[in-house]
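Me: I should like to take a close look at a single part of this structure. Please explain the answer step by step, with each term defined as it appears.
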Amino acid sequence: MAKTNPITFIQQVRAEVSKVVWPTRREVLLTTVMVFIMAALTAVFFSLVDILIRSGLQGVLALFG
């Protein structure tokens, strides 16, 4: 592996960073909102599944208890 001059390295890093396409404020906002919506939907889904499993187990235990 060839050693690189620190100045050349910094120039290469700046060249690569300039190629990055940064998201706009609107894109970041929309993505953040979508993440919160999906997290809320996932929480609701697992809460419903938990309620169904709990009531099913209580029903089975009531039959044999």
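What does Phe45 count as, judged by its relative accessibility?

Reply: Phe45 counts as partly exposed, because its relative accessibility is 49%; this class lies between buried (under 20% relative accessible area) and exposed (over 50%), with a 1.4 Å probe and protein chains only. The model is predicted, so local features need pLDDT of at least 70 and side-chain atom pairs pLDDT 80 or more, whereas totals for chains, interfaces and linings use all residues. Residues are numbered from 1 along each chain as its sequence is written, and side-chain values use heavy atoms, without hydrogens and water.

The adjoining residue in the numbering, Phe46, has 52% relative accessibility and therefore counts as exposed. A search of the whole structure finds one aromatic pair. The partners are Phe45 and Phe46, whose ring centres lie 5.1 Å apart with the planes at 70°, so the pair is edge-to-face. (Rings of Phe, Tyr and Trp, the last by its six-membered ring, pair if their centres lie within 6.5 Å; planes under 30 degrees apart are stacked, over 60 edge-to-face, and the rest tilted.)

The surroundings of Phe45 can be described next. The UniProt record, in an unreviewed entry, places a "transmembrane region" at residues 28–53; such annotations may be inferred rather than shown by experiment. In the model, this span is 100% helix and 0% strand, and the C-alpha atoms at its ends lie 37 Å apart. (Helices, H or I with at least four residues, and strands, E with at least two, are DSSP runs numbered from the N terminus.)

Helix H2 covers residues 25–64, and within this helix Asp50 and Arg54 are four residues apart, which means a separation of about one helical turn. Asp50 and Arg54 form a salt bridge, their closest N and O atoms being 3.2 Å apart; the term requires a side-chain nitrogen of Lys or Arg within 4 Å of a carboxyl oxygen of Asp or Glu. Asp50 is partly exposed at 41% relative accessibility, and Arg54 is likewise partly exposed at 44%.

The chain as a whole completes the picture. Its secondary structure consists of two helices and zero strands, and its C-alpha trace spans about 80 × 35 × 10 Å along the principal axes. Buried residues make up 0% of the 65 residues. The partly exposed state of Phe45, at 49%, belongs to a chain with that 0% share of buried residues.
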